[in-house]
Every structure is written in structure tokens, then in C-alpha cells.
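Open the structure in your viewer and keep the selection tool at hand. The stops below say what to select next and what is there.

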Amino acid sequence: MSNASTSLEDTNYYFDVVPEHLSGALDRFAQFFLCPLFTESATEREVNAVNSEHEKNLSNDSWRIDQLEKSTAKSDHDFNRFGTGNKLTLDSLPKEKGINVRDELLKFHNTWYSSNIMTLSVLGKESLDELEEMTVNLFSEVKNKQVKVSEWLDSPYGPEQLQIKGFIIPIKDMRNLSICFPVPDLHKYYKAGPGSIISHLIGHEGPGSLLSTLRNKGWCNSLVGGHRPAAKGFGFFTVNVDLTEEGIEHVDDIVKLIFQYINMLKKEGPQKWIFEEYREILKMHFRFKDNEVPRYYVSNLVHSMREFPMDEVLSGGYVLEEWQPDLINYVLSYLNPDNVRVAVVGKQFENITDQAELWYGTKYKAEKIPQETIQNWKDGSLYEDLHLPSKNEFIPSNFDLLPPEENPNPFPDIIKETSLTRVWFKQDDVYHLPKTYHTFEFVSPLAYLDPTSCNKTYMFTALFKDALNEYAYSAQLAGIKWELTNTKYGLVLAFGGYNDKQHILLEKIMDRMTNFKIDPKRFEIIKEAYIRSLKNFETEQPYQHGMFYLAVLLSETAWTKEELLDATNDLSVEKVQDFIPQILSKMYIECLIHGNTDKKSALNIVHSVEEKLKSSVSL
């Protein structure tokens with residue numbers, strides 16, 4: 001397959017092909033950069049393809065909000081441009097102005113496709129010498145036109161675009177709060193990582209975090225915060241909050257809490273131990289990096305070749321070497337109420353919007369934030385529940401590989417089979433990483449018995465993940481991931497990563513699962529979000545509807561979104577709480593364990609799961 005993607009300042013072309021045809025495919029690929037045809041018919045087809053993709057995105061809230069960010073920037077800044085294109089901009093308007101689109105494409109290619117600002121990455125089974133000879137012969141004729149890379153040192157948002165609050169109408173029924181701070185380009189500080197450190201803290205999900213505090217107040221479901229590079233010369237620091245029904249009524253209070261968290265960071269000052277802990281996590285992830293899909297690997301690599309010195313191309317995104325607290329304070333200084341943009345997304349603003357974005361027709365209203373509100377956010381106050389995270393106890397220290405088995409089977413073996421459990425096992429003999437992956441399928445006829453049972457199973461998994469998120473977040477940072485999902489056949493618990501301290505997380509998961517008590521407040525919040533997600537299916541793309549209903553037609557038993565939605569009337573705290581021991585007591589366990597482990601350790605893990613279930617429910 002072949003594809004391409006365009007960001008604010010570059011275009012990434014990539015393809016993959018069966019190994020024996022790499023040479024021919026690479027030859028054809030090279031010709032585009034040497035002598036593209038841009039025939040009239042191909043140009044017309046591509047204009048139609050761009051227009052078709054734009055029309056597909058007209059109902060996509062992500063595209064709509066992204067374009068609104070651009071359209072509300074300074075009018076004379078290059079950021080304030082149509083981000084993609086359509087038939088109007090690529091066909092109708094050029095024709096009205098006497099512009100030949102094909103000629104303009106050739107001019108653009110002749111101006112900007114210069115070897116001095118291009119990078120190339122090729123992955124194949126050939127030797128490095130063979131790959132080098134192949135690529136040099138094909139690409140050495142690409143001309144060096146001494147193009148200077150563009151840079152935008154001025155922010156796209158000036159005083160008139162700051163201290164603005166926008167109210168945006170979405171297509172889907174969603175509620176979201178976005179806080180944006182324009183910041184300088186931080187890439188040159190990548191070895192100190194000030195943006196990464198602040199992102200790590202503001203986006204933290206453990207005790208004392210913004211997310212923990214907002215969840216306890218019942219104002220949000222999730223929070224993502226971090227530095228977002230834009231183009232060479234400028235970037236943004238954003239905090240996005242998924243709001244509850246109550247949360248959207250407390251937008252100013254949530255923004256206040258965010259500034260109180262920033263105030264706490266400024267008061268505590270940069271902490272060297274946090275820098276060192278985060279640095280060690282990054283080093284560990286790089287050292288034991290998993291293999292990637294080849295086409296994504298080379299796509300990421302060509303970007304890194306533009307961003308980092310050649311000897312750091314592979315490690316650049318993981319390098320954190322320089323402790324520079326002044327840089328952290330420098331970035332924090334931009335996170336202030338004078339430099340903020342606030343956007344609130346929700347259906348409830350239908351009656352107050354007074355503008356429509358040009359390209360997507362997004363309805364919105366923008367207003368200056370009152371000075372009394374700005375002053376309230378600037379008061380420097382703290383909130384007692386907000387504090388720095390504790391040291392991460394899940395960071396592994398033992399990376400030893402277990403002795404390999406004698407005469408290993410190339411396929412998983414069944415090492416235990418009873419009326420309750422079947423265990424499949426395979427020791428890793430290929431990747432040689434200190435990681436183990438476990439998948440437990442708890443098979444139960446109750447999980448998908450009827451729409452009501454399906455909804456109850458979903459609510460149990462959603463509530464359980466929500467309740468354990470704060471504890472498990474540190475494990476996730478340390479490279480131990482877990483997931484609990486509901487399926488037609490029951491529940492699937494999957495966890496894996498560095499094997500050193502996995503047992504600690506598993507013990508906590510099973511303790512909580514077998515003694516789970518529902519928080520009534522979180523139940524109502526998650527139930528409301530679930531109902532919205534079922535209703536929002538109507539606004540999905542046609543191909544998604546087609547795939548879903550094809551699966552329904554081909555399945556022996558399948559509940560439609562409408563059937564599930566009708567059955568949500570039967571969801572209550574008491575009914576779901578009563579359902580949990582029922583589903584846990586009527587199940588068969590099938591599991592697969594693979595990685596840096598042995599049969600004895602695998603059986604011990606399975607035994608601990610069985611014992612937890614047996615001690616709490618009748619199996």
C-alpha cells in the first residue's frame with residue numbers, strides 16, 4: 001500500500017511492498033521526486049479525491065474544531081489558512097482567476113521539492129550496503145535548490161485573540177473544555193524536555209492530580225494535557241477536559257483549578273527527582289522498545305531525521321539528559337491567565353452562537369473573558385487537594401531474562417486444563433525482552449444473554465476501569481498496561497509489559513474485581529456517557545454503519561445500538577451491583593501467557609487468579 005499525510009509544514013510519503021519487489025517499487029517512488037507528470041486527468045482526479053475527503057470530514061468534530069483554531073488566529077498569520085482544500089479552492093476559484101492548477105502544482109514541486117530539506121528512510125531485508133546502493137542510485141539526482149526552511153517566530157494569537165472564551169456547537173452530543181496557551185518552539189530544548197516534564201505533571205492521573213480532583217468533584221471523565229508542537233517557531237500547551245453534565249456548568253471553576261495546579265507547580269519549583277524518574281522511564285522504554293509496523297517506523301524515522309542530529313535519530317525522542325530547572329520555569333511562565341484561550345464545546349450553546357466558521361460551517365460564539373474572571377484566575381491561590389505525584393513504585397529494576405526452555409515448541413502449549421481453566425503458554429524465544437503478556441478470557445453466558453445483560457457487563461467493566469485508573473496510572477507510566485473489556489463471550493482481562501512488578505498490579509486488580517463496590521455518583525456519570533455514545537452512533541461515517549450492520553447480519557446473536565439504548569432504562573446501581581457476583585460465578589477461564597516467564601511462574605499467576613475468584617464467588 002502507499003499513502004501520504006500533510007502536516008503544517010511537511011508532507012510524508014510512504015509505501016510498503018513485498019520484499020522481493022522493493023527495488024522496482026522504489027524506482028517508481030523515486031520518479032515522483034525527479035520528474036512527476038501531474039497530468040491533467042490525474043490532477044482532476046486528485047482534486048476530486050481531496051474534495052471527497054473534505055466532504056467526509058464536514059461532520060467530524062475533530063476536523064471542525066481544528067479548523068476553527070486556525071480561522072480564529074491572526075488574519076495575517078500563515079496559521080490562519082484552510083487546513084486541507086476542496087473543489088472550491090482547488091478548482092472553481094482558480095478557474096475564475098485564470099489560474100491553471102496543474103501549472104501551479106509543477107511550480108510548487110519545482111520550488112519546494114529540494115534535496116536539502118528532504119529526508120528518506122528505507123527498510124528492507126537486503127544488507128545495508130545493498131540498500132545504500134539502491135537508494136543512492138535512485139535518489140541522488142534529486143536537485144538541491146538550497147531551499148531555506150520556513151520559520152514562524154511570531155505567535156498566531158496576538159492580544160486580540162487571547163483572553164477569549166469560545167462556545168462551540170458540535171455535531172455529536174459531546175461536552176469538552178479546551179484551554180490553550182501559545183508557547184515558543186521548544187524543540188531546541190529537547191535534551192532538557194521542559195515541555196515534556198510539565199506535560200507529565202499536568203496530565204498525571206494519580207492521587208493529587210488535576211484529573212483526580214476533577215473526578216472527585218464529578219466534573220470530568222478524562223483529562224489530557226501537554227505540549228503540542230505546531231510548526232517551526234511556535235507551539236501550544238493545551239489541556240483538554242471531557243466534561244460531565246455538572247462539569248459544563250463549572251467551566252470557570254475548572255479553569256481556576258488548572259491555574260491553582262500551575263500555581264502549585266511554581267510554588268514547589270522544578271523537582272530534580274521527578275526529572276530523573278521520568279528520564280529513567282524514557283531510557284527504559286528506548287532500551288526495550290517493541291518492534292514497530294515497518295511503514296510506520298520509516299514514517300516516524302524521516303521526521304526524526306529532520307529534527308535531531310544524525311547520531312540521535314533513533315533515540316532523539318527518548319533523550320532527556322540536561323537538568324535545566326530554569327527552562328521549566330520559563331515554560332511555566334507562559335501558562336498564565338493573560339496568555340489563555342478557552343473553548344467550551346456542547347450542544348447546550350445552540351441558542352447563543354452568532355458566527356459560523358467559513359470552511360466547515362461550525363457554529364460558535366467568541367467573547368472576551370471578563371477582567372474580574374481573569375483577576376480571579378491570577379490570584380495565585382492554591383487548592384489543598386492538588387499536590388505533586390508520589391514516587392513511582394512500579395518502575396522495574398530487574399530486567400534479567402529467564403533461562404530458555406529446552407526444545408521449545410514454536411506454538412503455545414496447553415499446560416493446564418480443568419473444568420474451570422485452560423492455560424496456554426509460550427516462552428518468548430524471538431524478541432528476548434524482559435516483558436510478559438497475559439490474556440484471561442472469562443467466558444460467561446450471562447455477558448451477552450440479552451441487551452440488558454450486555455449493558456450491565458459494559459457498565460461493570462467501565463466502572464471498574466474508572467475506579468482503578470488512579471492506582472494503575474503509575475504502572476502504565478512504568479510500562480505495565482492493562483485492559484478489561486466486555487465481549488459477546490464474557491470479559492477479557494489483558495495486562496502486560498515489564499514483568500518485574502506485574503504481580504503487584506494483578507493482585508490489586510483481582511482484589512478490586514472480586515470485592516467491587518459501585519460509586520453511585522460515578523455510576524450516573526458513566527451511564528450518561530454510555531447513553532450518549534449509543535446515540536452518537538447515528539452521526540458516524542456511512543462506512544462505519546455499513547461495517548457494523550454487516551457484522552450484525554453475519555452474527556448468530558447481535559444487539560443493535562437501538563436495542564442497547566432501549567435497555568439502558570433498566571440500568572441502576574443496585575441491579576449492576578447484584579449482577580457482578582452473578583457473572584463472576586458462572587464463568588470458564590481461558591488464558592494465554594507469553595513472554596519472559598516460565599511454566600511455573602505462569603501457573604502461579606493463574607492459581608492466584610483462580611483463588612481470588614473462588615474466595616469471593618462460587619466457581
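A residue counts as buried when its relative accessible area is under 20%, as exposed when that value is over 50%, and as partly exposed in between. The model shown is predicted.

**First stop: a bridge from helix to strand**

Select D252, which has a relative accessible area of 30% and is therefore partly exposed. Now add K165: D252 and K165 form a salt bridge, and their closest N and O atoms are 2.7 Å apart. D252 belongs to helix α9 (residues 251–268) and K165 to strand β3 (residues 164–168), so this pair ties together parts that are 87 residues apart in sequence. Is K165 buried or exposed? K165 is buried, with a relative accessible area of 11%.

**Next: a bridge across the sequence**

Select R175 and E528, whose side chains meet in a salt bridge at 2.7 Å, N to O. E528 sits in helix α16 (residues 520–536), while R175 is in the loop between β3 and β4 (176–184), so the pair ties together parts that are 353 residues apart in sequence. R175 has 7% relative accessibility and so counts as buried. E528 is buried too, with a relative accessible area of 17%. Add R532 to the selection: R175, E528 and R532 are linked in a network of salt bridges.

**Then: a pair of neighbours**

Go to R279 and E280. Their side chains meet in a salt bridge, 3.3 Å from N to O. E280, at 35% relative accessibility, is partly exposed, and R279 is partly exposed with a relative accessible area of 21%. How many salt bridges does a search of the whole structure find? The search finds 29.

**Two surface patches**

Select D129, E130, E132 and E133, which form a negative surface patch. E130 lies in helix α6 (residues 128–139) and is partly exposed, with a relative accessible area of 43%.

For a patch of another kind, select L550, L553 and L554, which make a nonpolar surface patch of about 370 Å². L550 is located in helix α17 (residues 542–554). At 47% relative accessibility, L550 is partly exposed.

**Last stop: an annotated stretch**

Select residues 2–74. An unreviewed UniProt entry annotates this range as "domain: Peptidase M16 N-terminal". Over residues 2–74 the chain is 58% helix and 14% strand, and the C-alpha atoms at the two ends are 36 Å apart.

Definitions and conventions. Residues are numbered from 1 along each chain as its sequence is written. This is a predicted model: local features need pLDDT of at least 70, side-chain atom pairs count only at pLDDT 80 or more; totals for chains, interfaces and linings use all residues. Side-chain values use heavy atoms; hydrogens and water are left out. Patches are made of residues with over 30% relative accessible area and no salt bridge: like charges are joined within 9 Å, nonpolar side chains (Val, Leu, Ile, Met, Phe, Trp, Tyr) within 5 Å. Accessible areas come from the Shrake-Rupley method with a 1.4 Å probe; for residues, only the protein chains shown count as cover. A salt bridge is a side-chain nitrogen of Lys or Arg within 4 Å of a carboxyl oxygen of Asp or Glu. Lys and Arg count as positive and Asp and Glu as negative; His and the chain ends are not counted. The place of a charge is taken as NZ of Lys, CZ of Arg, CG of Asp or CD of Glu. Helices (H or I, at least four residues) and strands (E, at least two) are DSSP runs, numbered from the N terminus. Buried means under 20% relative accessible area, exposed over 50%, partly exposed in between (1.4 Å probe, protein chains only). UniProt positions are given in the numbering used here, feature names are shortened, and annotations may be inferred rather than shown by experiment.
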